[in-house]
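Visitor: Got a minute to walk me through this one? I'd like to start with the pockets.

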Amino acid sequence: MFSVYSVAGRLGPRRGFGGSARGDVDEFGRERRNRPHQRKPYDRPNRGPRGGMAGGGRAVPGLQDEARDIESRLSSLIIKVGDKNTPTLQNNLDALSVVLEKDYTKHEKTVLKTFRECVLELPWKVTVYSTLAGLLNAKNSETGEKVVSLMYQVLRRELAEGKWGSVKVLMRFFALLVNTNTISASTLLSMIDTFLKPVMADDGSDVVVSASANCYVYIVASTLLWAGHALAERAPQELDRRTQLVKQYVDTLAEHNAGNTLSVVFHDAPAKGVDVLASLLETLGAVAGNGWKIDTIFSPYEMFASEFSQATAHELPALELPTNLAPSAFHTPPECLRLVPSPADQAVHRFILQDLITDTVVQLETNRKDCAKYLLQIHGLCNEDVCSVMTTAQHPDDADPETSLVFEYMLAEVVLNLHLQLPDSMFREMYFTALAIELRKAEPQILATVFETVVDNTVARVGSLDVECINRLSNWLAVYISNFNFQWDWARWESAADEAENSPKRCFVQETLLKLIRLSYLYRIKSQLPESCAPLVPEKTPSHNFKFTMQAMDERTRDVSVAMGKCLKNKGTADQALEILQEHYSQWTDVDDDTRQSLAREMLVEHVLLLGSKTFSHMLNAIEKFLPALHKFGDSPEAKIQIAKVVEDFWLNHSQFFVITIDKMVTYRVIDPTAVLAMLFDPSHVGSWCRFHYWEILHNTIGKLGLRVVQLRGRLEAAYTAANTMMDESDANIQQPQEQEQQEKPEQEQEQQQQQQQPAESVEQIETMLEQMVQEQKDVIVSATRYFVRLLSSADGSANETDRAWLLGRFKEFMRSHRALVLDNAQTLEAAVFTPEASEDTRLVFSSLRSLCA
């Protein structure tokens, strides 16, 4: 147990005020330099020019250092309290509450700031911090009221900003404050009713399913789980009424989502992945049957029942829900994946632990290192026999997830669960990869085995995994392996080489290996594979496929190619290249003008690509150098499509260069998104819909259009601001003295007219550009949807059922990823694309999307 006096700053008499022998002076009576360990030079006190404190007066040496040291130790103790469920936790909490209550007035900002950050960023210790808040309130109701008021203001702010992870954590904190008698049960019920109000129909007769209602019901159900014990004692009927409302909504939602597969990760095994609201409702029922006692995590508030019974309960004003958020701004985890087996009788413990792990991953997203560190501490607050921990076990290999809850397996399962979440992941894919890497670095032996097992279990069911999730898992695994010397047991998947070319397992393993080759080089990856996996990687190092080799050309084509090669090798210009093409192809009188133009275009693009084939930088420089020539030859939609196809043929064996080159050519407007779509959905790709890089190009192209729209809107807003500023300045200039106005009138009038005309013209130009870009964005969305539907509705759109399954999966991914744009153009799509001639499954995807985003 820590000492109160070592924390509160009562370290003996102050310097210079007498007292016995002290540790702050040496044997000669000189003051010791009491600096914090490793203090930086810029941390020293702010002193004036003569060594005194800035702002005048005489400084007390070391006084600021001492105050900072006390605040640092106070923060440290608040953060560390309750890290583990130890016999001294009760005494530690009591002592810390005494220290904070006495020193609160001196260090109010530090205490409140640390308390706020701990509640938000250490959600698994919510029972500890709610107990600490209750003790502060029991000892001094004014201090307790300030803590509660602060957290309430934080809740209102997070609610207004749509930070639902924080809202859920804070509502859990307020739920536990009822147990400590810090807030009343009626106050919490009022807060819950605020969330439930949008769930009910206007007449109160039924519930209304919506994206916002999903989010609110999820938060309410999570709150009731932790508040149930106190509410069952103080307001049992109110608790039962709200629980029944949650059940009614979950049942209605299940009926509403029947047949909707857009948010289902595993398609053929729904029992392996259940809706989180249904799972939460089941957990609520199990906890209610146990008297609303949650014995997964240690709850220290039970030790202070007598103190809390005499405390003052505070009331809080009514909450206000945000009214300006789009449906896409509301988030509800749609599915709990079961990637690791677990005992059925431990379902409650499993759900609560994984819920706390999920909240920690969400709240510490900005710092993956801290997140990994704290994730590995969560089991410290678990009650005895709740779960087994491999990192602390004498024989970690004996841990069996089928017979007991194993903490490390639950941890890995949550990370992959969040990564594979549909309709989209909460954070960027790289966060979950980096987090897994940090976790393995912290426990290299144990977590390496754990992640291998969880990934292996997932790949074993890859045939039923959503196509987008297959792609995500492949990206995750490739980066994960590359951070550990590219070591992986590939022998476990060697059977993939014997499967069909477009089978899910073979495609997953093959695409993962191709990504590893991108991150390393072919022969390094090849050397680590068993011989049976050799068919899954290229025989040769990926390279270009230059068409105009000496053996593949007739004599006159060879003359053009040699002349172009010399021109580019000797650093010729775009004009010189055009002259060579004109000089040679003008002599080809046996073909028409269109054919000559097409041949010249192909020759130019092939040689420009060859010039830049060494590195990505070379490619960028080559395109920039010959941009005028490329623009001249790309003067029609057909020409742009041809250029895109030439690029594909050139980089047929190097998907990474293909993706980057297409991206750069779209950036420089050599080709447009419509040409990219025509190239991607070309009939020659039938049978190859399983290739990942085609869809990477599709999403990059649409994303680039979205970025341009955002940039133009920013420029337009800046132009409006500049125009308004100039108008204000113009009005101010008109009020100058009459005499000065008469002298300078001609010059001023001319200057003002120029200033007023320039921003007006700029605004008009940007508005025109924005209108064109939005129209182009709409055209691309409609065209891409039409291509998908046409192929899926035709017998010639796919080579076989597996090929069609890949295409349908990519269609679902496209609709999910760009659902805002799809829904903006829903009327156009319904009238022109999703006609009765469209296949039934494509129309079902469209209707499911509208239902999902309602």
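Guide: Terms come before numbers. On a 1 Å grid over the protein atoms alone, a pocket is an open set of points with protein on both sides within 12 Å along at least five of seven lines; a cavity is a set where a 1.4 Å probe fits but cannot get out; lining residues have an atom within 4 Å of a point. Grid points are joined across faces, edges and corners, and a volume is the space filled by probe spheres set on the points.

Visitor: What volume does the second largest pocket have?

Guide: About 1,000 Å³. Of its 30 lining residues, Glu 429, Asn 471, Asn 475, Glu 696 and Asn 700 are the closest to the centre.

Visitor: Is this a predicted model or not, and what are the ground rules?

Guide: This is a predicted model: local features need pLDDT of at least 70, side-chain atom pairs count only at pLDDT 80 or more, and totals for chains, interfaces and linings use all residues. Residues are numbered from 1 along each chain as its sequence is written, and side-chain values use heavy atoms, with hydrogens and water left out.

Visitor: What is the mean pLDDT?

Guide: The mean is 85, and 87% of residues reach 70 or more. pLDDT is the predictor's confidence in each residue, from 0 to 100. It stays under 50 over residues 1-59, and also over residues 755-759.

Visitor: Back to that pocket. Which helix gives the largest share of the lining?

Guide: α18, with seven residues. Helices here are DSSP runs (H or I, at least four residues), numbered from the N terminus.

Visitor: How many cavities of 30 Å³ or more are there?

Guide: Three. The largest has a volume of about 210 Å³. Val 276, Cys 336, Gln 354, Thr 358 and Asn 417 are the closest to its centre, out of 15 lining residues. Helix α13 gives five residues, the largest share.

Visitor: Switching topic. Which residues touch the most others in the largest nonpolar core?

Guide: Among them are Leu 439 and Tyr 480, in a core of 267 residues. Helix α9 (residues 211-234) gives the most, 14 residues. Such a core is a set of buried Ala, Val, Leu, Ile, Met, Phe, Trp, Tyr and Cys residues joined through side-chain atoms within 4.5 Å. Buried means under 20% relative accessible area, with a 1.4 Å probe and protein chains only.

Visitor: Is Glu 776 buried or exposed?

Guide: Buried, at 16% relative accessible area. Glu 776 sits in helix α30. Beyond four places in sequence, Glu 776 touches Arg 669, Asp 672, Pro 673 and Leu 705. Contact means heavy atoms within 4.5 Å.

How values were computed: Buried means under 20% relative accessible area, exposed over 50%, partly exposed in between (1.4 Å probe, protein chains only). Helices (H or I, at least four residues) and strands (E, at least two) are DSSP runs, numbered from the N terminus.
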